[in-house]
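Reader: Could you walk me through this one, surface and core?

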Amino acid sequence: MKIALISPLPNLGGTEKQVLALTRLLTAKGHRVEVLGSPGPLTNDIATAANAYRPLTATNIFRSAMGKGRVLLHCQMARCLPQAVLTKLLLRMRGRQTGLLWHARGIKGWTYPWVIVLCRVFGIVVIANCRDLPPLSGPVVLLVHGGPLV
């Protein structure tokens, strides 16, 4: 499967480290991984681990989703989600099924109902964590909604 990991990579934080680890894991499992990001401290390491590295633009997201076989767009942050949703919709008009996974970190609890609507309307699978969603128990709540991916 072709997987496009989409993430702005301008910092040296958890998201960037996860993109690197996920890229290494997925390529080791035989998937074709393309990373779309902005220059940052881990860009060279990520570009070496991936099958391809492209600057994060709407055009490059669309290019990464083209071709034969199944494609999964994996967004690491909400900033790049609109371009990925647009790509998914354009490909749907061409008769192509494209999976879209949004890995959201630290979203506010009051936004969860809106996230569910967004996922249903655009066919997005979301994995999100939240620290302020009462009255559920535990310090961190994990939301997983949607499926199947591809």
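**Surface patch and cores**

Author: Leu86, Leu90 and Met93 make a nonpolar surface patch of about 320 Å². Patch residues have over 30% relative accessible area and no salt bridge, with nonpolar side chains (Val, Leu, Ile, Met, Phe, Trp, Tyr) joined within 5 Å; a salt bridge is a side-chain nitrogen of Lys or Arg within 4 Å of a carboxyl oxygen of Asp or Glu. Areas are Shrake-Rupley with a 1.4 Å probe, and for residues only the protein chains shown count as cover. This is a predicted model: local features need pLDDT of at least 70, side-chain atom pairs pLDDT 80 or more, while totals for chains, interfaces and linings use all residues. Numbering starts from 1 along each chain as its sequence is written, and side-chain values use heavy atoms, leaving out hydrogens and water.

Reader: Which helix holds Leu86?

Author: Leu86 is partly exposed, at 46% relative accessible area (buried is under 20%, exposed over 50%, partly exposed in between). Helices here are DSSP runs of H or I, at least four residues, and strands are E runs of at least two, numbered from the N terminus. Leu86 sits in residues 81–93, helix H4.

Reader: Which element gives the most to the largest nonpolar core?

Author: A nonpolar core is a set of buried Ala, Val, Leu, Ile, Met, Phe, Trp, Tyr and Cys residues joined through side-chain atoms within 4.5 Å. The largest has 23 residues, with Ile6, Leu73, Cys75, Leu100 and Trp102 making the most contacts inside it. Elements giving two or more residues to this core include strand S1 (2–6) and helix H5 (112–122). The top giver, with 4 residues, is H4.

How values were computed
Patch = residues over 30% accessible without salt bridge, like charges linked within 9 Å, V, L, I, M, F, W, Y side chains within 5 Å. Buried < 20%, exposed > 50% of the residue type's maximum accessible area, 1.4 Å probe, protein only.
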